[in-house]
Every structure is written in structure tokens, then in C-alpha cells.
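Biologist: I've got a fresh model open on my screen and I'd like to talk it through with you. Can you take my questions one at a time?

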Amino acid sequence: MKKYIKYLILSLSCAAILYTLWYMHFGNLTDNNGALSKTGLEHPVLFSLWGILTYAAIYSNILYLYKILLRKYKFQYYMAAAALLGIILTVSCRFDISFKAEYYLHCGGSLGFSIITGVCVFLLYLNNFNRSDLFNAFTILTGLILIADLIFLIIYKQNALIETVPVVFALIEMPITIFYLDKSRGKAYAAR
């Protein structure tokens, strides 16, 4: 059963990456009007599908990896629930300032989802920093991407490219980690 879970997670991650890249084509990648939320005003159903698929892909990876690597921790379940609330607010509330309450709920949900997810992914790798070179590299890359993304968001505001780089990177690095761990475990068993 475990074997199929990792392939399901990989499939979900690939689907989320492909859908994200496809969804981005509706807006301008580097313009504020091309932000995923602004595109969602014109394509609300597609935006909702993007949010649900992205959440499912990221948190299936996070929960699986925390279960394998950091069994003693339980906060990831609370973080996953809070991030779910964030993504629900993001996709169900319009990113339109003329609807102030919805606009602020959308922004709060989006910000909450982003921060919670970034913290979960970074802590996963940070807590395993000395485990291997792969974990060292992914810890540093994740930290750099999160810091650079924050700086670019402050300077350029939101746009599709800035919004999706951390998401796509997380959806690439976590399945790599899952398969790396599986391969490492296989070598450890073969050495016995």
C-alpha cells in the first residue's frame, strides 16, 4: 500500500505543476494584472480547481514526509487545517477591492496559506539538515526561494511568476525527497 501512496503523491504533484503552468497562461506572468488571484476573477472555477489541486498536492507531500521523518511532531496536522481554511478563503472570496470584506478575507487566506505552507516545508528540511547532502541542499534552496520571493513580492507586488515559483519548487523537491528516502531505505536493507 505504501508503494502506491508515493506514486499517487507523485501523480498529484505532477498534475498540480502542469495545471499551475497551464493556468498561468491566462494572465501575464510578470504583470500585477497577471496574478493568479486576478486571473481568478475572470476564471473562478479554474482558480478554485487550482487552489484545491495545489493544496492536495502540497499537503499530501508534507503529511507523508512528516510521518516518515518527524514522527514525534503533530503540529503539521494543525498547520494543514489552518492552510486548508486559508485556501478555502482564497478561492471562495473575490480578489476585488470593491467587495472589501471578501477582498480582505481573500488576501488573509492567501497570505495565511503561503506562510503556513512555507514554514511547514522549510521546517521539514531544516529539522533534517544533517541527514544528507540532499536535505542540506533543499534546506538552503527552500530558504533562499522563500526569502527571495518575499523580497520580490515587496518590490514588484504579486504576479504569477513570483507566486508560483515556491509552489512549483515545493512540488518538485518533496516527491524527489520521497523517492530518495525510498531508495536510501532500500540500500540500507540490502546492506544488512
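Modeller: Happy to, and keep in mind that this is a predicted model. A good place to start is T164, whose relative accessibility is 4%. The cut-off for buried is under 20%, so T164 counts as buried.

Biologist: Which helix is T164 in, and which residues does T164 touch?

Modeller: T164 has its place in helix α7. Leaving out residues up to four places away in sequence, its partners are T20, M24 and L36.

Biologist: Let's follow T20, then. Is T20 buried or exposed?

Modeller: T20 lies in helix α1. Its relative accessibility is 0%, and buried means under 20%, so T20 is buried.

Biologist: And what is T20 in contact with, beyond its neighbours in sequence?

Modeller: Neighbours within four places in sequence are set aside here. T164 turns up again, as you'd expect from the list for T164, which includes T20. The full set for T20 is W50, T54, T164 and V168.

Biologist: Staying with α7, is F179 buried, partly exposed or exposed?

Modeller: F179 lies in helix α7. Its relative accessibility is 23%, and the range between 20% and 50% is called partly exposed. So F179 counts as partly exposed.

Biologist: How far is F179 from K6, C-alpha to C-alpha?

Modeller: Along the chain they are 173 residues apart. F179 is nevertheless in contact with K6, as well as with Y7 and L10. In space, the C-alpha atoms of F179 and K6 are 7.7 Å apart.

Biologist: Now the core. Which helix gives the most residues to the largest nonpolar core?

Modeller: That core has 43 residues, and I58, Y59, I62, L65, L69, Y125 and M174 have the most contacts inside it. At least two residues each come from α1 (2-24), α3 (44-69), α4 (75-92), α5 (100-126), α6 and α7 (160-191). The top contributor, with 13 residues, is α3.

Biologist: You listed I62 there. What does I62 touch?

Modeller: I62 is one of the residues with the most contacts inside the core. With neighbours within four places in sequence left aside, I62 is in contact with T117, C120, V121 and M174.

Biologist: V121 is on that list. Is V121 buried or exposed?

Modeller: V121 has its place in helix α5. Its contacts, again leaving aside neighbours within four places in sequence, are I62, T142, A170, E173 and M174. With a relative accessible area of 3%, against a cut-off of under 20%, V121 is buried.

Biologist: How far apart are the C-alpha atoms of V121 and T142?

Modeller: T142 is one of the buried residues of α6, and V121 is in contact with T142. They sit 21 residues apart along the chain, and their C-alpha atoms are separated by 7.8 Å.

Biologist: Does the length of α5 add up, or put better, what is the distance between its end C-alpha atoms?

Modeller: α5 has 27 residues, and at 1.5 Å a residue those should span 39 Å. The model agrees with that, because the end C-alpha atoms of α5 are 38 Å apart.

Biologist: What about α6: how far does α6 reach from its first C-alpha to its last?

Modeller: α6 covers residues 133-156, which is 24 residues. The expected span is 34 Å, and α6 comes close to that by reaching 33 Å.

Biologist: Which residue just after α6 takes a positive phi?

Modeller: The angle is about 70 degrees, and the residue is K157.

Biologist: Which helix gives the most to the lining of the largest pocket?

Modeller: The largest pocket holds about 1,000 Å³ of space. Of its 38 lining residues, S110, L111, S114, D149 and L153 are the closest to its centre. With 13 residues, the helix that gives the most to the lining is α5.

Biologist: Is L111 buried or exposed?

Modeller: L111 has its place in helix α5. Its relative accessibility is 53%, and over 50% is the mark to pass, so L111 counts as exposed.

Biologist: Last one, with my reducing agent in mind: how many disulfides are there?

Modeller: A disulfide needs two cysteine sulfur atoms within 2.5 Å. For C107, the nearest cysteine sulfur is that of C93, 9.9 Å away, so by that cut-off C107 is in no disulfide. For the model, the count is zero.

Terms used: Residues are numbered from 1 along each chain as its sequence is written. This is a predicted model: local features need pLDDT of at least 70, side-chain atom pairs count only at pLDDT 80 or more; totals for chains, interfaces and linings use all residues. Side-chain values use heavy atoms; hydrogens and water are left out. Helices (H or I, at least four residues) and strands (E, at least two) are DSSP runs, numbered from the N terminus. The expected span of a helix is 1.5 Å times one less than its number of residues. Buried means under 20% relative accessible area, exposed over 50%, partly exposed in between (1.4 Å probe, protein chains only). A nonpolar core is a set of buried Ala, Val, Leu, Ile, Met, Phe, Trp, Tyr and Cys residues joined through side-chain atoms within 4.5 Å. Contact means heavy atoms within 4.5 Å. On a 1 Å grid over the protein atoms alone, a cavity is a set of points where a 1.4 Å probe fits but cannot get out, and a pocket is an open set with protein on both sides within 12 Å along at least five of seven lines; lining residues have an atom within 4 Å of a point. Grid points are joined across faces, edges and corners, and a volume is the space filled by probe spheres set on the points.
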